[in-house]
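This report describes a mixed sheet, the helices packed on it, and a few backbone features, in that order.

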Amino acid sequence: MLLFFTLGLLIHFVFFASIFDIYFTSPLVHGMTPQFTPLPPPARRLVLFVADGLRADALYKLDENGNSRAPFIRNIIMHEGSWGISHTRVPTESRPGHVALIAGFYEDVSAVAKGASGDHVYTYSYDAKREDFGAQDATKLDMWVFDNVKDFFHRARNNQSLFSKINEEKIVFFLHLLGIDTNGHAHRPSSRDYKDNIKKVDDGVKEIVSMFNHFYGNDGKTTFIFTSDHGMTDWGSHGAGHPSETLTPLVTWGAGIKYPQRVLAQQFDDAFLKEWRLENWKRLDVNQADIAPLMTSLIGVPFPLNSVGILPVDYLNNTDLFKAESMFTNAVQILEQFKVKMTQKKEVTLPFLFTPFKLLSDSKQFNILRKARSYIKHRKFDKVVSLCKELIHLALKGLSYYHTYDRFFLGVNVVIGFVGWISYASLLIIKSHSNLIKGVSKEVKKPSHLLPCSFVAIGILVAFFLLIQACPWTYYVYGLLPVPIWYAVLREFQVIQDLVASVLTYPLSHFVGYLLAFTLGIEVLVLSFFYRYMLTAGLTAFAAWPFLTRLWTRAKVTSLSWTFFSLLLAVFPLMPVVGRKPDISLVMGAGLLVLLLSLCVVTSLMKRKDGFIKEELLVHLLQVLSTVLSMYVVYSTQSSLLRKQGLPLMNQIISWATLASSLVVPLLSSPVLFQRLFSILLSLMSTYLLLSTGYEALFPLVLSCLMFVWINIEQETLQQSGVCCKQKLTSIQFSYNIDITQFRQLYLDDIRRAFFLVFFLVTAFFGTGNIASINSFDLASVYCFLTVFSPFVMGALMMWKILIPFVLVMCAFEAVQLTTQLSSKSLFLIVLVISDIMALHFFFLVKDYGSWLDIGTSISHYVIVMSMTIFLVFLNGLAQLLTTKKLRLCGKPKSHFM
């Protein structure tokens, strides 16, 4: 079985990684010839201001008094330059945003974690420790940039080498302003800090522009571009495709830029113009990658080789000939990528299998280019621009076609592997852990060599097919993985036959009813990823469950408790998602409830008279102290950050010590079922309080109460069916040494138990205010541990916050398995099958078209459900460790048996 789970884990890692190979691979191609406009450019130099994390509405919208937060930029819009909205793409992070702005292409999702390099780029930046979310004033990051640019030019006046270098042509000055992003994360975009930072940036830009004009003697050869790499949600995060993240400002002025155009009406689907009171100034929207070709045409450098940006000619203030030539160069540059991509795909595809992109044949390319040259010769410049745009759109479609050429092949292989794995896991459950086919089996036939030989032949054919097409090694994984999986399935042909025979003897109405109920349950789980209130509906149905069965007559108190806590938990998915304002009073309230529960447990321990009393009492008092310290740290840290005094060092030490001890202290408690589970709750709650900012602090408490009732009600259910006698929970102990002869076979009702677990795990994620998006994580959660920006540490802490409710559910699941005398392997296999069916469902829903919000959400759904499936294996092991391992404060560890 260990081998099975190890192979299963590897297979799931392959399925998890497949989404990035199928949908999100690097778009880069190599071997193109650089293209540049054969006319003198209007500018000698360009200054690019990137205000990190600045939303379009935050810049353009007037304040409550009708004044602009950025008066200098607004004056540019009205009197000197052109403006619009730059539409970014997922992932809305800094590196992909900068690459799109400067190189003109959109990186694959995985590139967000990469660094930047280049031998022709000279950088000067501050230390990463300056980006402190608890600092007194994050605007100092932007002031540092402005001050150092001024110092740089001051030094240039006294340094002949530097002076001559910055007086050369085709120079880009890139000023990355991080203060707005930092203030947005720390205080949210609606805060006074964020809005004041915009004013500071506006003042700084004004000074820098004045300094540039003065330094270069007002030669009129400098172009200025002010934009942002990404926006930010209302709760201070980014990374996904919400409009607040993808709509960024773009304001341009200076050499080669068209002056403001007054208009009477504009055609846009949104109401921004009226809201911003800019309806009379022509708005020119672009895609973020379009800014790269705009900059290249302005300073006369070759278009970036992999750029997919389309030159926004409406921004240019130049001759029609220049616009036409620039647009023609842009079209040729993108067409070059198309040709290289087509050639690469053609070389590695068998001739009879290769299907070219029919909309842009060689003859059509030649005809469009020839016609465009003819129009330029006859000075029909408008027709050149429109013809080149047509060619660009066709070339981009062709690039996408060849970029996704193998998608169908890879997708089919992954789906075949997925279905095969689900089938094999289901057959393993039926064969080894159920009574469904007992007595049906006939005489076992001698295994034939035909089946293994057939699959070996299929594997060789697949490998040969991939080899002659020079496919990447990952294609071999996706192509060959289904072969052994389906071999394992068909090896169980006898089990399949027996299963069919057994099902045929079952009443059709019952079979269809159970199938519909199972399908409905899966669909509710899938829909809960889109609509959190589906979890509320499910929990409400759970609340009514005891009354629809005979449980109500057998265990009234347990049934009422189940109903009460189910309805109480059902409230959480209806609460606001992350981004609500921090409410420390709720965190304090959760802490007080934990202390109250602890007091009850300590009181009960004091009444006991056995040898464990002192040790257990000491452990519980230690956990109570940890909870009190956590409450103090949360309160004092919040107060300190509000005063902008940063994170106190002592608070930071206590927080990390609490986190480190949270997985060790429960091992010191008694292995008696209730006491061990309560000890785990207390330890994890101390950490969870430190990571909470509002109502989610109450969630683990309510969830744990429901889990304890679940353990009781499952025991009642099993006793009702006559499978086993009821044991007192106070007499049951967790132990590694469980008598396997006490395990029973699976029954139909165990599928419901497995479904309950999956439902509670999904509730554990969405019930705490998370949404299925990368932007659902609130950095304020980790401020008790650190405030200096550290993406990997912060990400790990937020991941642990998400996993804590999962651990509580899995520990309760261990108890359910123990009290219902069920093998953890058998029930876990059912859970795995349910999770995999959900994952397959989401695999079909992944898309890379439509709105960027839809694209980002579809990726997130698949990643979350696959991560949950993979983490289940680790969480199952962690839950077993937390529930069964026993440490002692002194002396040798003592074993406990059932």
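The text below takes up the sheet, then the helices, then individual backbone conformations.

The model is predicted, so local features are reported only at pLDDT of at least 70 and side-chain atom pairs only at pLDDT 80 or more, while totals for chains, interfaces and linings use all residues. Residues are numbered from 1 along each chain as its sequence is written, and side-chain values use heavy atoms, with hydrogens and water left out.

**The sheet**

Helices (H or I, at least four residues) and strands (E, at least two) are DSSP runs, numbered from the N terminus, and two strands are taken to pair if DSSP finds at least two bridges between them. On that basis 6 strands form an open sheet with mixed pairing, in the order S3-S1-S4-S5-S2-S6. S3 and strand S6 (286-287) stand at the edges, and because each has a single partner strand, one side of each is left without a neighbour in the sheet. Strands of a sheet pair through backbone hydrogen bonds, either parallel or antiparallel.

The pairings around S1 and S4 can be set side by side.

| Strand pair | Bridges | Direction |
|---|---|---|
| S1 and S3 (residues 171-177) | 7 bridges | parallel |
| S1 and S4 (residues 222-227) | 6 bridges | parallel |
| S4 and S5 (residues 247-254) | 5 bridges | antiparallel |

Individual residues fix the register of these pairings: Leu48 stands opposite Phe174 in S3, while in S4 the bridge partner of Arg45 is Thr222 and that of Phe49 is Phe226. On the other side of the antiparallel pairing, Thr223 has Gly254 in S5 as its bridge partner.

Burial is judged by relative accessible area, where buried means under 20%, exposed over 50%, and partly exposed in between (1.4 Å probe, protein chains only). In strand S1 (residues 45-51), 7 of the 7 residues are buried, so S1 is largely enclosed by the rest of the structure. Arg45, Val47, Phe49 and Ala51 point one way from S1, and Leu46, Leu48 and Val50 point the other way. S4 is likewise largely enclosed by the rest of the structure, because 6 of its 6 residues are buried; Thr222, Phe224 and Phe226 point one way from S4, and Thr223, Ile225 and Thr227 the other way.

**Helices**

Contact here means heavy atoms within 4.5 Å; axes are lines fitted to C-alpha atoms, for helices over the stretch in contact, and angles run from 0 to 180 degrees between N-to-C directions. Helix H5 (residues 140-156) packs with H8 at an angle of about 10°, with their axes 10 Å apart. That makes H5 roughly parallel to H8, because angles under 35 degrees count as roughly parallel, over 145 as roughly antiparallel, 65 to 115 as roughly perpendicular and the rest as oblique. The residues of this contact divide into 11 nonpolar, 2 polar and 4 charged, where Ala, Val, Leu, Ile, Met, Phe, Trp, Tyr, Cys and Pro count as nonpolar, Asp, Glu, Lys and Arg as charged, and the others, Gly among them, as polar. Among the H5 residues that take part are Met143, Phe146 and Phe153, and the H8 residues include Val201, Ile208 and Phe212.

H8 has 24 residues and reaches 35 Å from its first C-alpha to its last, close to the 34 Å expected at 1.5 Å a residue, the expected span being 1.5 Å times one less than the number of residues. H8 is followed by Gly217, whose phi is positive, near 65°.

**Backbone features in loops**

Most residues other than glycine have a negative phi, and most peptide bonds are trans. A cis peptide bond, with omega about 0°, joins Val90 and Pro91, and Pro91 lies in the loop between S2 and helix H4 (94-103).

Arg277 has a positive phi of about 60° although it is not a glycine; this residue is in the loop between helix H10 (272-276) and S6, and at 51% relative accessibility Arg277 counts as exposed. Arg379 also has a positive phi of about 60° without being a glycine. The place of Arg379 is in the loop between helix H13 (362-377) and helix H14 (381-403), and at 60% relative accessibility Arg379 counts as exposed.
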